[in-house]
Amino acid sequence: MLSFCRSFSKKCLSVLAGLSFSFVAAADYSTHPLAAGFVDEMVQQHGFTAEEINQWLSKAQKRQPILDSIARPAEKSKTWKEYRPIFIVPMRITNGVLFWNEHRAALTRAAQEYGVPAEIIVSIIGVETNYGKNTGSWYVIDALTTLAFDYPPRAPFFRSELVNYFILTREQKHNPLEFKGSYAGAMGYGQFMPSSYRNFAVDFSGDGFTDIWNNPTDAIGSVANYFKQHGWQTGKAVVVPAKLTKPRDTLLTNESFNKVVPPSIKVSDWKKAGVAPTGKVARNTPAIAIEFDGVNGLEYWFGLQNFYTITRYNRSPMYAMAVYDLSLDLKRAMRNADKKSAGAAH
């Protein structure tokens, strides 16, 4: 393009000027057809000025890779046998033990105060950000405006998150142009969306500022509080293995597999329908029936209330199972590390 322009300077100057204008226009969300209504809402309902909202929107940029990524999340494009190895790897377990050891006091306190086991908290942070090592490289304002204004399938959700984001940054006296996060606008160690931050994040360190971005103690307390507020049952199981007692293609309830809804069908009713537990569980326990395509073929589980609670973080059954499996490995590795430490001390 540049060598061509040296020969046709006047013509190319006008072409480049037009291209430059189109790039600026595309990047300026204050001129988006949906922007005016958004600005009005922020002014009328939340006390912002039109000038400040327009200024921030004018700095936001549409990011096509974000639209590409949200259209093909791993939870929808992979089977369980492909999905599980992404998270259950030796390095993530090793890093988890290091994180657990480093923040043992905060994790113990969070488990006591919120009733959520340390291994579940550590596992969530491990799955989400590899213990804070990968919290996201997208500007949150770019992610949320791109999805709020140019991703119709979930525009209402992301529009609401953009509203919450501007309120959050005002409350915390931060520049909304500075925060970075995931392609969906999630932030910090535990990848909280703005509404989750405003509703569930806690100042667990007691320093007067709820910092999920740089303070792992606050992140630990916030994840634990999120789980408690979403129905975690202390001391109860997460899943129970199951098997089919009728041919799969004849099960009338087959279409109910992997439906992420509050558990309502009792295990005894599932058993009558042809899905029976192979582990210990009370017959009147409400459960979700889960089918995974694993390395050894189809496998079946009952997801209990705590499983459903994990899906409040991410609605995929595979995500919830990965968090649970990693938590088991972390707990086992931590126990072994403590034994070795105790043996060395003697």
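**Close-up views of a predicted model**

**View 1. Gln 191, in the loop between strand 2 and helix 13.** In this predicted model, the loop that runs between strand 2 and helix 13 contains Gln 191, a residue other than glycine whose phi is nonetheless positive, near 55°. Is Gln 191 buried or exposed? With a relative accessibility of 11%, Gln 191 counts as buried, because the cut-off for that class is a relative accessible area under 20%.

**View 2. Lys 173, in the loop between helix 12 and strand 2.** Lys 173, which is not a glycine, also has a positive phi, of about 55°, and belongs to the loop that links helix 12 (155-171) with strand 2 (180-181). The relative accessible area of Lys 173 is 75%, and this residue is therefore classed as exposed, whereas Gln 191 is buried.

**View 3. Helix 14 and its surroundings.** Helix 14 covers residues 216-229, and its end C-alpha atoms lie 20 Å apart, in agreement with the 20 Å that 14 residues should span at 1.5 Å a residue. Most of this helix is covered, with 12 of its 14 residues buried; among the buried ones are Pro 216, Asp 218, Asn 225 and Tyr 226. The elements that cover these buried residues include helix 8 (90-102), helix 9 (104-114) and helix 10 (118-129), together with helix 13 (194-200) and helix 16 (305-311).

**View 4. The two ends of helix 14.** At the N-terminal end, Asn 215 acts as the cap of helix 14, with a side-chain oxygen placed 3.0 Å from the backbone nitrogen of Thr 217; Thr 217 is itself among the buried residues of the helix. Beyond the other end, helix 14 is followed by Gly 231, which has a positive phi, near 95°.

**View 5. Ile 121 and the largest nonpolar core.** The largest nonpolar core has 89 residues, and those that touch the most other members are Phe 38, Ile 53, Ile 121, Phe 166, Phe 192 and Phe 227. Helix 17 (residues 317-345) gives the most to this core, contributing 10 residues. Which residues are in contact with Ile 121 once its neighbours within four places in sequence are left aside? They are Leu 107, Ala 110, Val 116, Ile 220, Val 223 and Ala 224, and of these Ile 220, Val 223 and Ala 224 are also listed among the buried residues of helix 14. Apart from the core that includes Ile 121 lies another one, made of 12 residues, including Val 267, Val 275, Tyr 300 and Phe 302.

**View 6. Asn 95 in helix 8.** Asn 95 is part of helix 8, one of the elements that cover the buried residues of helix 14. Its relative accessible area is 12%, and Asn 95 is therefore counted as buried. When residues up to four places away in sequence are not counted, Asn 95 touches Asn 130, Tyr 131 and Lys 133.

**View 7. Strand 7 with strands 3 and 6.** Strand 7 (residues 297-303) pairs in the antiparallel sense with strand 3 (residues 239-244), over four bridges, and Val 240 stands opposite Phe 302 of strand 7; Phe 302 also belongs to the core of 12 residues. With strand 6 (residues 286-294), strand 7 likewise pairs in the antiparallel sense, here over seven bridges. Strand 6 and strand 7 are joined by a hairpin through two residues, and Gly 294 stands opposite Gly 297 in strand 7.

**View 8. Strand 6 with strand 4.** Strand 6 also pairs in the antiparallel sense with strand 4 (residues 265-266), over two bridges; for Lys 266, the bridge partner in strand 6 is Pro 286. Strand 6 is mostly covered, since seven of its nine residues are buried.

**View 9. The whole chain and residues 1-26.** The chain has 17 helices and seven strands, and its C-alpha trace spans about 80 × 55 × 50 Å along the principal axes. Of its 346 residues, 46% count as buried, and among the contacts between residues at least 6 apart in sequence, 71% join residues at least 24 apart. The average pLDDT of the chain is 90, with 90% of the residues scoring at least 70. Over residues 1-26, however, pLDDT stays under 50, and the model has six contacts beyond four places in sequence for this segment. Predicted coordinates should not be read in detail where pLDDT is low.

Methods
Residues numbered from 1 in each chain as written. Heavy atoms only, no water. Expected span 1.5 Å × (residues − 1). Buried < 20%, exposed > 50% of the residue type's maximum accessible area, 1.4 Å probe, protein only. Contact = heavy atoms within 4.5 Å. Polar contact = N/O pair within 3.5 Å; in protein donor to acceptor, adjacent residues only side chain to side chain. Pairing = 2+ DSSP bridges. pLDDT = per-residue confidence, 0-100. Core = buried A, V, L, I, M, F, W, Y, C linked by side-chain atoms within 4.5 Å.
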